[in-house]
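Me: I would like to learn how to read salt bridges, helices and cores from a set of coordinates. Could we work through one case together?

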Amino acid sequence: MRLIRFAVLNDSDIGSWYKLFGMEPTTRLIFPRKSLASCVRATIVRSTVETPLASDGDRLNHYPATPHCWVTFYIEGDTEVLLPENAPQERFRAVFGGPQTRPITTYNPGPVRMLMVMFYPHALHALCGIDVAEWVDRWDDIKALGLEWQALADAILTAPDDATRLALVDNFLEPRWQAARPGGAGAMGAPLGHRGCRHRAGTRRPQYRAPHQGPRRTTDAQAAAPPARRAHLL
């Protein structure tokens with residue numbers, strides 16, 4: 001992965017206060033290597049362990065609504081979900097979430113170190129065979145993605161530094177995405193359950209449709225086309 005620029009989760013991440021004391025902003029936005037660019041949208045690394053926060057307002061994190069899926073690893077510290085008000089309050093060290101149609105606000109009662117990986121929905125569907133539409137406005141323990149992802153979480157949570165954690169993510173995703181992506185060694189039409197994600201072998205993986213897209217419509221031309229051409233038209 002390559003570091004592009006600093007991202008902002010709250011006002012404490014910008015301004016001259018940190019530069020005055022020779023400190024780094026608390027949040028970094030990292031774009032993926034080229035081979036993972038169609039799988040990972042970006043990675044966010046955040047730490048307030050080394051940098052003191054000036055006020056309680058600096059401990060608030062504001063996440064906008066997003067069409068992306070995400071996995072967050074809480075290496076140190078804790079977080080509480082403030083908004084939406086009816087959000088589940090189970091606390092996991094590694095969390096998987098689907099697209100969000102509403103903003104999320106969280107609060108860190110103390111210093112925190114975390115890593116978030118944002119995925120394109122079609123990529124996570126190809127990697128795991130999950131029905132992304134069923135995960136809209138939901139999140140759960142990362143074990144929902146399967147044992148291999150749980151093992152990745154265990155390794156990340158015990159890694160000594162960010163560089164090691166980022167390398168673990170890249171090394172985990174690289175071979176799996178090369179095999180699962182369209183045109184790769186394991187094209188999207190192949191079953192993906194054997195890769196450690198929860199998908200029943202021998203069943204047709206559901207097609208992901210973004211929440212605003214509505215149901216897929218079939219035209220008269222598609223309905224009349226022979227099977228080989230129908231797959232092309234879809």
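The dialogue below goes from the whole chain to salt bridges, one helix and the cores.

Me: What should I know about the model before I start?

Reply: The model is predicted. Its protein chain has 6 helices and 10 strands. Of the 234 residues in the protein chain, 45% are buried. Among contacts in the protein chain with a separation of 6 or more, 71% are between residues 24 or more positions apart.

Me: How many salt bridges does a search of the whole structure find?

Reply: The search finds 8 salt bridges. For each pair, look up the distance, then the elements that the two residues lie in. Take Arg28 and Asp162, whose closest N and O atoms are 2.9 Å apart. Arg28 belongs to strand S2 (residues 27-31) and Asp162 to helix H4 (residues 162-180), so this salt bridge ties together parts that are 134 residues apart in sequence.

Me: Are Arg28 and Asp162 buried or exposed?

Reply: Arg28 is partly exposed, at a relative accessible area of 24%. Asp162 counts as buried, with 18% relative accessibility. The cut-off for buried is under 20%.

Me: Which other contacts does Asp162 make?

Reply: The Asp162 side chain makes a polar contact of 3.0 Å with the side chain of Arg165. Arg28, Asp162 and Arg165 are linked in a network of salt bridges. Leaving aside residues up to four places away in sequence, Asp162 touches Arg28 and Val45.

Me: Which residue forms a salt bridge with Asp170?

Reply: Asp170 pairs with Arg33 in a salt bridge, with 3.2 Å between the closest N and O atoms. This pair links distant parts of the chain, 137 residues apart: Asp170 is in helix H4, and Arg33 is in the loop between S2 and strand S3 (40-47). Asp170 counts as buried at 3% relative accessibility, whereas Arg33 is partly exposed at 30%.

Me: Which residue forms a salt bridge with Arg176?

Reply: Arg176 forms a salt bridge with Glu148, and their closest N and O atoms are 3.0 Å apart. Arg176 is in helix H4 and Glu148 in helix H3 (residues 147-158), so the salt bridge ties together parts 28 residues apart in sequence. Glu148 is partly exposed, with 28% relative accessibility.

Me: How do I read a helix such as H4?

Reply: Start with its length and its axis. H4 has 19 residues and reaches 27 Å from its first C-alpha to its last, close to the 27 Å expected. H4 also bends by about 25° at Glu174, with a proline, Pro175, following within four residues. At the start of H4, a side-chain oxygen of Asp161 comes to within 3.4 Å of the backbone nitrogen of Ala163.

Me: Why does spacing along a helix matter when I look at its buried residues?

Reply: An α-helix has 3.6 residues a turn, so residues three or four places apart point the same way. With that in mind, go through the list for H4. Its buried residues include Asp162, Arg165, Leu166, Val169, Asp170, Leu173, Arg176, Trp177 and Ala180. Among the elements that cover the buried residues of H4 are S2, S3, strand S5 (69-76), strand S9 (113-119), helix H2 (121-128) and H3.

Me: How many residues of H2 are buried?

Reply: In H2, 7 of the 8 residues are buried, so this helix is largely enclosed by the rest of the structure. They are Pro121, Ala123, Leu124, His125, Ala126, Leu127 and Cys128. These residues pack against S5, strand S7 (94-97), S9, H3 and H4. After H2 comes Gly129, which has a positive phi, near 75°.

Me: How should I read a nonpolar core?

Reply: In soluble globular proteins, nonpolar side chains tend to be buried together. Find the members that touch the most others, then ask which elements supply the core. Here the largest nonpolar core has 35 residues, of which Phe73, Phe119, Leu124, Leu127, Trp149 and Leu173 touch the most other members. S3, S5, S7, S9, H2, H3 and H4 each give two or more residues to this core. H4 gives the most, with 6 residues. A second, separate core has 15 residues, including Leu29, Ile44, Ala87 and Trp139.

How values were computed
Residues numbered from 1 in each chain as written. Predicted model: local features only at pLDDT ≥ 70, side-chain atom pairs only at ≥ 80, totals over all residues. Heavy atoms only, no water. Salt bridge = Lys/Arg side-chain N within 4 Å of Asp/Glu carboxyl O. Buried < 20%, exposed > 50% of the residue type's maximum accessible area, 1.4 Å probe, protein only. Polar contact = N/O pair within 3.5 Å; in protein donor to acceptor, adjacent residues only side chain to side chain. Contact = heavy atoms within 4.5 Å. Expected span 1.5 Å × (residues − 1). Bend = angle between axes of the 7 residues up to and from the residue. Core = buried A, V, L, I, M, F, W, Y, C linked by side-chain atoms within 4.5 Å.
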